[in-house]
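Me: I am new to this structure. Please take one part and look at it closely, then set it in its surroundings.

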Amino acid sequence: MSEEDHSNEDDNYSQSDDKFEKTEIVVHKKLVKSEVNALGKKGLRVLNDAYDSTSGARGGGDHLNPPLVAPATLLVNDESRNQHRQWTMSLVEINEGMYLKKGWYFFAYDHGLKVGDTVTIERTLVMQNSEVLDTIYDITFKRAEESSSGSN
């Protein structure tokens with residue numbers, strides 16, 4: 001029986017060796033007025049159907065593998081303010097591309113984001129062989145003043 005238990009432990013160990021993570025940038029852009037103003041109807045533009053010059057994405061997310069698919073609900077990790085918080089944001093498709101809507105404006109308001117601030121959303125895929133086991137989204141931002149000051 002102990003030999004069988006040892007065999008199972010070896011199987012689990014070899015399976016965990018096959019796991020790996022793949023991180024991709026979903027969006028990296030400077031915010032515009034409609035993306036920080038709750039009156040803007042669309043939300044944060046993530047992808048554009050033709051060419052998104054703000055993130056370098058082509059054709060609705062062809063740079064992501066697997067591509068984003070809307071509608072979807074994303075749980076986005078926020079590590080700012082030395083605390084962990086998870087925001088629920090809805091990903092929707094509107095004529096011109098994909099947008100984060102529900103939850104995005106609460107995040108932007110809570111952090112006091114303004115026009116010119118830069119937002120980055122990264123997606124980490126936890127994979128085993130070619131199967132996606134988990135998807136993790138992380139969001140960071142940089143204030144426009146920090147970028148233009150030339151120091152810290």
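Reply: Start with T88. At 46% relative accessibility, T88 counts as partly exposed, because that class lies between the 20% limit for buried and the 50% limit for exposed. This is a predicted model, so the value is computed from predicted coordinates.

Where does T88 lie? T88 is in strand β6. Which residues does T88 touch, leaving aside those up to four places away in sequence? They are T73, L74, L75, K102 and G103. Take L75 from that list. L75 is 13 residues from T88 along the chain. The C-alpha atoms of T88 and L75 are separated by 4.7 Å.

Now widen the view to the strand itself. β6 covers residues 85–94. What does β6 pair with? One partner is strand β5, residues 72–78. The two run in the antiparallel sense, with seven bridges between them. One bridge can be named: N77 has Q86 of β6 as its partner.

Next comes the link between these strands. β5 and β6 form a hairpin, with six residues between the strands. In this hairpin, R81 takes a positive phi near 60 degrees.

β6 has another pairing to follow. Strand β7, residues 97–100, pairs with β6 in the antiparallel sense. Four bridges join β6 and β7. Here E93 stands opposite M98 of β7.

Go back to L74, one of the residues that T88 touches. L74 also lines the largest cavity. Which other residues line that cavity? They are V26, V46, L68, L100, I121 and Y137. By class, the lining has seven nonpolar residues, no polar ones and no charged ones. The volume of the largest cavity is about 40 Å³. How many cavities of 30 Å³ or more does the structure hold? It holds one.

A word on confidence closes the tour. The mean pLDDT of the protein chain is 78. Of its residues, 73% reach 70 or more. Two stretches call for care. Over residues 1–15, the pLDDT is below 50. Beyond near neighbours in sequence, residues 1–15 have one contact in the model. Over residues 49–60, the pLDDT is again below 50. That stretch has 28 contacts in the model beyond near neighbours in sequence.

To retrace the path: T88 lies in β6, β6 pairs with β5, and β6 pairs with β7. From T88, the contact with L74 leads to the lining of the largest cavity.

How values were computed. Residues numbered from 1 in each chain as written. Predicted model: local features only at pLDDT ≥ 70, side-chain atom pairs only at ≥ 80, totals over all residues. Heavy atoms only, no water. Pairing = 2+ DSSP bridges. pLDDT = per-residue confidence, 0-100. Contact = heavy atoms within 4.5 Å. 1 Å grid on protein atoms, 1.4 Å probe; cavity = no way out; pocket = protein on both sides within 12 Å on 5 of 7 lines; lining within 4 Å. Points joined across faces, edges and corners; volume = space filled by probe spheres on them. Nonpolar A, V, L, I, M, F, W, Y, C, P; charged D, E, K, R; others polar. Buried < 20%, exposed > 50% of the residue type's maximum accessible area, 1.4 Å probe, protein only.
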